[in-house]
Structures are given as C-alpha cells and as structure tokens.
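User: Please take a close look at how the helices pack against one another here, and go through it slowly, since this structure is new to me.

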Amino acid sequence: MSLQHQPNAPTTSGHTPVKARLEWIDAAKGIAITLVVLGHVVWVLSLMDLPTSDFWRRILQATGPMRMPGFFLMSGLFAHRFASGSFERFARRRVIGFAYLFVVWLAITAVVEVGLQFWLHDTAKVVSRTKLVHHILWLETPLWYLIALPAFHLLWWGTRKMAAWVPLTIAGIGYVLVETGVTALPGMLGSTGYRGMIQYAFFFMVGARLSQPLRDVVGRMTPWTSAAVVTAWLAMEIWIPTLPMKSLVAVPALFAISQLVVLTPLRSAAQRAGRRTLPLYLMNWLAVAIVGGIWLQLDVPSTRLTQFLVPGITLPVVIALIASVWHLTRDIPFLYAPSKALEDKVVNVVRSLNDLEPASPEDQLEHEPMPDPWTGRPATRAINVPMIHAHRSMNHMNR
C-alpha cells in the first residue's frame, strides 16, 4: 500500500517527510503522462487531418524537454532498492515485466489497428505502428519506453558498483555532445532517435545514482522556490527557445510545478493520473486513434474554434476511456504483468546461462547498507530509505 495515505508518515533523520515526497512524485508523473497523452492527441489528430491548433503545438514544444527526461529521471529514483539484492530479483522486477508488456501490448496494438483499418480504411494506416520490423529494430512504436526502461536498468546494474561520478560523467558527456550538435548519429530508432535515447539514459542515471539527494532537494522546495524555478523555465522558453540542454532547467520546472499543484485542488487528479501511468501509457495511442475516428465520422469543420476545442475535448475523453477500460480489465491476469510461472521460467533460463545462485531470503529484504552515492563504497551507516511503491513511468513519441 502506498504510504501516501498514512497521515503520520515517518520521516528519515534530517529529511523531508515521506508523504511530501510521494505527493510531488505522483503529481509530477501525473503531469508528465497528461502531457504525453496530449502530445499523441495533437500528433494523431494532425495525421488524420482533423482540426488542431498551434496553441497546443506551442505547449508541446515548450514542455518537450521536461516530459520524457523527467519520466526517466523519476524511474531511476527507485533503482537503488535493488542494489543489494541478486540479479534474479532485479531481473524479475525491472527487466522481465517490461519486456513481457512490450510483447503482449504489441500484439494487442496490432489486432486493434487491424480493426481500425476495417473501420477507417486508408486513414487508419497513417497512425498504424504495426510494422514489426520497425517495431523491434527501429523501435518505431508508441511502446518504445517498455524497451528503453529495462535497457537503462541493465546499464545501471552493470555500473552500480562504480563510483557514481564515472557513469554520470560518461552519460553527461554523451548528453552534451548530442545536445550541442557536436556529433551526428545515423537516423534510426524512429520514435526517439539516438539523440533522445542518449538524453534519456543520462537523466535515468542521474535519478538512479543521486536518488536520495534529489528527493531531499525537491521535497524541501517551498512555494516561492518552486515559483522561481517555473519562472526561470518560462523565461527560457520565451526568450531563448533554441538553447541546447533545456532539459536541465525544464525537468526541475516539472518538479516545481508538481510541488505547486499539490497545494491546489488539482492535487488529487494529478496524483491519480500519476498512479495510473501504466494503463495510460499502454492504451493512449490506440484510444486517441479511436476517438479521432469518431471525430472523422462527425465531419467536424476546421475553424479557429474547432482547432482549439477538438484537441481540448479529445484529451479528457481519451483519459476517461482509458480509465474505464482499466477498471474493466485490471483483474485479467496476463494484461498488465507476467505470471509468476512465466517469470520463473525466464529466470531459470537466465540462471542456467549465467550460473547464478538462487535468490537468498535476504534478497527480499532491503536492510543492507546502500553504497555512498558518489564514491560507490559501502556507507558507514544504514540509510533509512522509505519503501515507496513501484513507479513505472510511461512515455511519448518525441516528435
């Protein structure tokens, strides 16, 4: 159960209350996934030649540097929970499940898009992502996050015993090179590009290696501090929108916005969306295509008013549709997680290939000292890390 609902959530010595941390994390995820869905709404409606406004495109352009970098950073925040366990336990929780979801929902996407082609004919083809070669080799798919996230976790696992500055420096150099255009990479990975993957890997590693300091800093932000960060981000977007490495300002702005949102009546809605990133991510591309098909049947004229209203109406309709499907299907065993038997089979294969020992009972506990976040050496005392519920961040095609 989430600690969010515990009124007297404990505090760590000298740190921000756990409850405050969970509030901003869930709110930030909720804001980010809403922006992801909005991005797909505008993109799919445009592909279908339905009314869309430059107003929405400007919002997406401004928030682009915060959506996926912020998502990956938040995903990395919880990697430390597996640092002292076995590879088997790590693979179960952070590799097998995401790969399984990719395969299952790739099949679901293919089936639904066949139905869309019977309904919408050639119009459906412009939003189709069922070309398997592109799906698997180029990650030309709205499900690409389900492959990127376990890949980044494996990168963290392979470097977890190094001093933090080593992988962070390497990832940071890659990020700076691609952001400043110093190096050009061949055009593959159609949904994200190598540039995007290098950027996202950097933010994931920052979250994974600096989890405690980041949560402390954001958890202590006051409304005035948050407002100042948001103002700096808006000023950057207005006056120097072509500035490279904007995510270094935009991601803190996302967290600052979340800190302000938890002080408003929007808190519950943002946190609810943040706790439902999995179904929102898995279904949003298909849901947008279905709602877009309904708009096509209505034959809506393109005017300034409809260009503003159609995306604005589509966004909440899509979210409501996904929420309804989620409530109807969440108890179907295979849709949202692999079975224990399947996990065991995969783990047995991995164990036989790597000659791994079975997980010990201690792997189920998280009481061992964590390494120091900068030196990589064991900490001199146990760090009290709150048992925060699993956060599976979801994503947007970076168009």
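Analyst: In helix 2, M68, F71, F72 and S75 meet Y145, A148, L149, F152 and H153 of helix 6, where a contact means heavy atoms within 4.5 Å, and helices (H or I, at least four residues) are DSSP runs numbered from the N terminus. The residues of this contact comprise seven nonpolar, two polar and no charged; Ala, Val, Leu, Ile, Met, Phe, Trp, Tyr, Cys and Pro count as nonpolar, Asp, Glu, Lys and Arg as charged, and the others, Gly among them, as polar.

This is a predicted model, in which local features need pLDDT of at least 70 and side-chain atom pairs count only at pLDDT 80 or more, whereas totals for chains, interfaces and linings use all residues. Residues are numbered from 1 along each chain as its sequence is written, and side-chain values use heavy atoms, with hydrogens and water left out.

Helix 2 spans residues 54–76 and helix 6 residues 145–159, and the two pack at an angle of about 45 degrees with their axes 11 Å apart; axes are lines fitted to C-alpha atoms, for helices over the stretch in contact, and angles run from 0 to 180 degrees between N-to-C directions. Helix 2 and helix 6 are therefore oblique to each other, given that angles under 35 degrees count as roughly parallel, over 145 as roughly antiparallel, 65 to 115 as roughly perpendicular and the rest as oblique. Their crossing is right-handed, a term for a near helix turned clockwise from the far one by less than a right angle, anticlockwise being left-handed.

Helix 2 also holds a salt bridge between R57 and D54, whose closest N and O atoms are 2.9 Å apart; the term requires a side-chain nitrogen of Lys or Arg within 4 Å of a carboxyl oxygen of Asp or Glu. Because R57 and D54 are three residues apart in helix 2, about one helical turn separates them. The structure holds five salt bridges.

Another pair offers a comparison: the axes of helix 10 (residues 223–239) and helix 11 (residues 247–261) come within 8 Å and cross at roughly 140 degrees, which makes helix 10 oblique to helix 11. This crossing is left-handed, and the residues in contact include W233 and M236 of helix 10 and I257 and L260 of helix 11. That contact divides into 14 nonpolar, two polar and no charged residues.

As for confidence, the mean pLDDT (the predictor's confidence in each residue, from 0 to 100) is 81, and 76% of the residues reach 70 or more. Over residues 1–21 the pLDDT is below 50, although this stretch has 37 contacts beyond near neighbours in sequence. Where pLDDT is low, the predicted coordinates should not be read in detail.
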